[in-house]
Amino acid sequence: MYVLATAGHVDHGKSALVRALTGTEPDRWDEERRRGLTIDLGFATTTLGSGRVVSFVDVPGHERFLANMLSGLGPASMVCFVVAADQGWQAQSSDHRDALAALGIESGLVVITRTDLAPERVPEVLERTRCELAATGLRDAPAVTVSAHTGEGLDQLRAALDDLLAVQPEPAADEPVRLWIDRAFSLRGAGTIVTGTLAAGQLRREQSLHLLGETIDETVTVRGLQAHGREVETQRGATRVAVNLRGLSAEHLGRGQVLLTPGAWHLTDTVDVRHTSGEDFSQTPKHVTVHIGSAAVGARCRPFDESSARVILARPVPLRIGDRLLLRSSGGRTELTGAQALDVAPPPLTRRGDGTRRMAALAGMSAAGDLVDEVRRRSPVTADMLQRMGIVIPEPLPPGVRRLGPWLIEAEHVDAWTQLLRAAVESHRRHDPLSAGLSHGAAIRSLDIPDGTLLAPLIAEAGLQHSAGRITTASAPPGLGAAEESVLTVERELSERPFHAPEASRLDELGLSDRELAAAERQGRLLRLPGGVVLLPSSPARAMKELVRLEQPFTMSAARDALGTTRRVAVPLLEYLDARGWTRRLDASLREVVR
């Protein structure tokens, strides 16, 4: 399935051509039929000889309805550019040409219509049309001459359409959905329907989508789908679709709103762009209307120079690097300027000279969205952020880019940060050997990293360990600084008498406060129990060797005698063994070894 838009001057036979090809009247309004003038978008579908289905979006040609025309062309990737043989190239032909150039549409057909009214002018009109389109993507487009009135040339046009569609790339089904709405209405028994051109991706019934517009921002559910008049369960692009949305009133919906795959698009109200067609940015007024998809959004344009500018939109829209925008100015005559998005998340301009520096940066940027360049500019940046901006992330990653958890970082930054982190941890250990390690807050400050969530993958990359908010080396060398000798003394005394925990006075005499004892415990050298009892880490196992020899169950007194210790030590030690599940308390006075 494929979608083409029409383009061309008013009254050059665009609607008559669509009618002749499809058998469907694209002018939907009574006023359009009465006046013989297309005012709004029209839609029609036909099946070609190959079986390919093609939908037409018929756009108005009159300058008064330029905004409607642009909303039809905006989502299109192919076009039938129509010029009447009897009238030749006209003013709105130029407007539509400029719109095609601005939107970057490079695929389509040139159709010379109404050949029955001026057959002798066909060569001249075609030559002029070729000249006018020379600077657009249609410069080499196939040309067909037809008369919708007599039918002459329609078979050739159908064949040319088939040939055009045969070489079109197939849109990716796994692309995120960005469906620009061009119509919204209600049907009795069905509810609210919106229509649009699904350029890529896939829709399905019961799918959740993000609905975004000037006055709406919410999650919606697809109740039903239609493509070319048929109910479908799923539909992939590119095609025209009608989407039945659950629980919404049509009065809140309209052209310019967009349905998105949730979380898959970067929403921005500021974009830095490069000039692609029309008047350069030095001639662009400050206030413009920006056309993207079917939307028309008010905006301010801040030129950096003739070829680059910052566009500040009145509301956020889903944009990716490389997207085409059309800037429309209103004055004595409407001017259309084409632009391409270079940066959809640009840095703020707050300091003197930022504009000049930004101009230089944009001059070296690619609208194709180069991963290495984007990581270098934004390092660190999440892979999800880059994908939402339209950057393809290959596997394996290119040289110079490293992945740490969800982050993509310049390899040089990773190396520098890990070296700094190791040095900070080592320095902290040397200056404070009793510390549990460098705190996360101190590490973030020493590295000056822009996001705290970067710390955990950097710790792993540096080969360090972290626990309870503290960072240490994987194999920290033993030692407790000034407290080392005192701890060695306690270890020696407990080795000789394992259940004679030193009294508080002895610990004070050795200069061992809670801080030193906690540091020794972290190193696995001492075991601290409630009540200030300090033992060796091996003491619980040694105690079990004695307790298992006792007649079971045993009393506290029997345990104390077997261990050769005091109640001060025996009570917390037995409670520790209970907590480990090595012993079990039977009542207020008896315990037993768990076998």
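## An exposed proline in a loop

Pro-450 counts as exposed, because its relative accessibility of 61% lies over the 50% cut-off. This value, like every other in this report, was computed from a predicted model. Pro-450 is found in the loop that lies between helix H11, residues 440-447, and helix H12, residues 455-461.

Which residues does Pro-450 touch, when those up to four places away in sequence are not counted? The residues in question are Pro-380 and Trp-417. Another residue to consider here is Val-381: it is 69 residues from Pro-450 in sequence, yet the C-alpha atoms of the two are 9.9 Å apart in space. Val-381 also leads to the sheet described next, as its bridge partner is Leu-408 in strand E24.

## A sheet of three strands

Strands E22, E24 and E23 form an open sheet in that order, with antiparallel pairing. Strand E22 (381-382) and strand E23 (401-404) stand at the edges, and each has a single partner strand, so one side of each is left without a neighbour in the sheet. As a general point, the strands of a sheet pair through backbone hydrogen bonds, in either a parallel or an antiparallel manner.

The pairing can be followed residue by residue. E22 is joined by two bridges to strand E24, which comprises residues 407-410. In this pair, Thr-382 stands opposite Trp-407 of E24, and Val-381 has Leu-408 as its bridge partner. On the other side of the order, four bridges join E23 to E24, and these two strands run antiparallel. Trp-407 appears here again, as the bridge partner of Leu-404.

## Side chains and turn of strand E24

In which directions do the residues of E24 point? Trp-407 and Ile-409 point one way from the strand, whereas Leu-408 and Glu-410 point the other way. All four of these residues are buried.

E23 and E24 form a hairpin with two residues between the strands. Within this hairpin, Gly-405 takes a positive phi near 60°.

## A second hairpin

Another hairpin is formed by strands E26 and E27, again with two residues between them. In its turn, Ala-468 has a positive phi of about 55°. E26 covers residues 464-467 and E27 covers residues 470-473; the two run antiparallel and are joined by four bridges. Across this pair, His-466 stands opposite Ile-471 in E27.

## The chain as a whole

The secondary structure of the whole chain comes to 18 helices and 32 strands. Why is the chain described as more spread out than a compact globule? Its radius of gyration is 38 Å, well over the 25 Å that the globule rule gives for 595 residues, and the chain is therefore more spread out than such a globule. Along its principal axes, the C-alpha trace spans about 120 × 60 × 40 Å.

Of the 595 residues, 49% count as buried. The chain exposes about 27100 Å², of which carbon and sulfur atoms supply 48%. Among contacts between residues at least 6 apart in sequence, 66% join residues at least 24 apart. With regard to charge, the chain has 69 positive and 75 negative side chains, and the centres of these two sets lie 4 Å apart.

Notes:
Residues are numbered from 1 along each chain as its sequence is written. This is a predicted model: local features need pLDDT of at least 70, side-chain atom pairs count only at pLDDT 80 or more; totals for chains, interfaces and linings use all residues. Side-chain values use heavy atoms; hydrogens and water are left out. The radius of gyration is taken over C-alpha atoms; the globule rule is 2.2 Å times the number of residues to the power 0.38. Buried means under 20% relative accessible area, exposed over 50%, partly exposed in between (1.4 Å probe, protein chains only). Contact means heavy atoms within 4.5 Å. Accessible areas come from the Shrake-Rupley method with a 1.4 Å probe; for residues, only the protein chains shown count as cover. Lys and Arg count as positive and Asp and Glu as negative; His and the chain ends are not counted. The place of a charge is taken as NZ of Lys, CZ of Arg, CG of Asp or CD of Glu. Two strands pair if DSSP finds at least two bridges between them.
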